[in-house]
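The following exchange examines how certain descriptive terms apply to one protein chain. Each answer sets a value against the criterion behind the term.

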Amino acid sequence: MKKFLGSRKTLSITLALALLTLTLAPTVFSQALAITTNDFVPFAQVNLVPCANGGAGELVLIQGVLHIQQHITINNNRATIKSHFQPQGGEGVGLTTGDKYNPTGVTQQLDTLALTGGATEFTFVNNFRIIGQGPGNNLQVHQLVHVTINANGDVTNTIDNTSVECN
């Protein structure tokens, strides 16, 4: 538990420094600035796998370590924030059947922000799988979300493509 709180505290401090940097960037920094962080945070979550348990569905407890890498670049009037999330060493267990599962996947987010006036873009891609033993109990989640906002603050483009499949 102490490791989890320490990692969470590190992440909070990093994000606070990044926000402070973004606030001061237009007036203080004349050259590019880059910050990269790598954190490893324990996680546990419960997911429904609707095709598990012979098609009756099952809640699966997933536990492991989440690798979180963030890279922030400030250059001229733009801030780019790239985030990468990936479970490592995860294990899952069906809460009804006791079946074993393996979580895998990658989630990425890219934000490009104008610090003073200008367009902003947000892109989120999530590919997450819970792989069960045997056929027919694997869950695959795919999400793609993209939003573009012009300099006036108007949303000019939105893509929201989400699929959840069992196989």
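Q: Which residue takes a positive phi in the hairpin of β6 and β7, and how many residues are between the strands?
A: The structure is a predicted model. In this hairpin five residues stand between the strands, and Gly 153 has a positive phi near 90°.

Q: What makes β6 and β7 a pair of strands?
A: Pairing requires at least two bridges between the strands. Strand β6 (residues 139-149) and strand β7 (residues 155-166) are joined by 11 bridges in the antiparallel sense, so the requirement of at least two is met. Within this pairing, Gln 143 is placed opposite Thr 162 in β7.

Q: What makes β2 and β3 a pair, and in which sense do they run?
A: The two strands are antiparallel and share 15 bridges, against a requirement of at least two. Ile 62, for instance, has Gly 92 in β3 as its bridge partner. The hairpin formed by β2 and β3 has two residues between the strands.

Q: Why is Asn 76 called exposed?
A: A residue is exposed when its relative accessible area is over 50%. Asn 76 has a relative accessibility of 67%, and therefore counts as exposed. Its place is the loop between β2 and β3.

Q: What is the sign of phi at Asn 76 and at Asn 53?
A: Phi is positive at Asn 76, at about 55°, although the residue is not a glycine. Asn 53, in the loop between β1 and β2, likewise has a positive phi, near 55°. Most residues other than glycine have a negative phi.

Q: Why does Asn 53 count as partly exposed?
A: The partly exposed class lies between the limit for buried, under 20%, and the limit for exposed, over 50%. The relative accessibility of Asn 53 is 31%, so the residue counts as partly exposed.

Q: How do you know whether Asn 137 is buried or exposed?
A: Buried means under 20% relative accessible area. Asn 137 has 7%, and therefore counts as buried. The residue lies in the loop between β5 and β6. Beyond its neighbours within four places in sequence, Asn 137 is in contact with Val 49, Cys 51, Ala 52, Tyr 101, Ile 130, Gly 132 and Asn 167.

Q: What makes a set of residues the largest nonpolar core here?
A: The members of a core must be buried residues of the nonpolar kinds, joined through side-chain atoms within 4.5 Å. The largest such set has 11 residues, among them Phe 43, Val 60, Phe 128 and Leu 139. Strands β1 (33-49), β2 (58-75), β5 (120-132) and β6 each contribute at least two residues to this core. A second core, separate from it, has five residues, including Ile 74, Ala 79, Ile 81 and Leu 115.

Q: With which residues is Phe 43 in contact, leaving aside its neighbours within four places in sequence?
A: Phe 43 is in contact with Ile 62, Gln 63, Gly 64, Val 65, Leu 66 and Pro 87.

Q: Why is Leu 95 called exposed?
A: Its relative accessibility is 52%, and the class of exposed residues begins over 50%; Leu 95 therefore counts as exposed. The residue is in the loop between β3 (78-94) and β4 (100-114).

Q: Which residues form a nonpolar patch on the surface together with Leu 95?
A: Leu 95 forms the patch with Val 46, Leu 48 and Leu 59, and their accessible area together is about 370 Å².

Q: What makes β3 and β4 a pair?
A: The number of bridges between these antiparallel strands is 10, so the pair satisfies the requirement of at least two. Ser 83 has Gln 109 in β4 as its bridge partner. In the hairpin of β3 and β4, with five residues between the strands, Gly 98 has a positive phi near 80°.

Q: Why does Val 125 count as partly exposed?
A: At 28% relative accessibility, Val 125 is not under the 20% that would make it buried, nor over the 50% that would make it exposed, so it counts as partly exposed. Val 125 belongs to strand β5. Its C-alpha is 9.8 Å from that of His 84, while the two residues are 41 apart in sequence.

Methods
Residues numbered from 1 in each chain as written. Predicted model: local features only at pLDDT ≥ 70, side-chain atom pairs only at ≥ 80, totals over all residues. Heavy atoms only, no water. Helix = DSSP H or I, 4+ residues; strand = E, 2+ residues; numbered from the N terminus. Patch = residues over 30% accessible without salt bridge, like charges linked within 9 Å, V, L, I, M, F, W, Y side chains within 5 Å. Areas by Shrake-Rupley, 256 points an atom, 1.4 Å probe, with all protein chains shown as cover. Salt bridge = Lys/Arg side-chain N within 4 Å of Asp/Glu carboxyl O. Buried < 20%, exposed > 50% of the residue type's maximum accessible area, 1.4 Å probe, protein only. Contact = heavy atoms within 4.5 Å.
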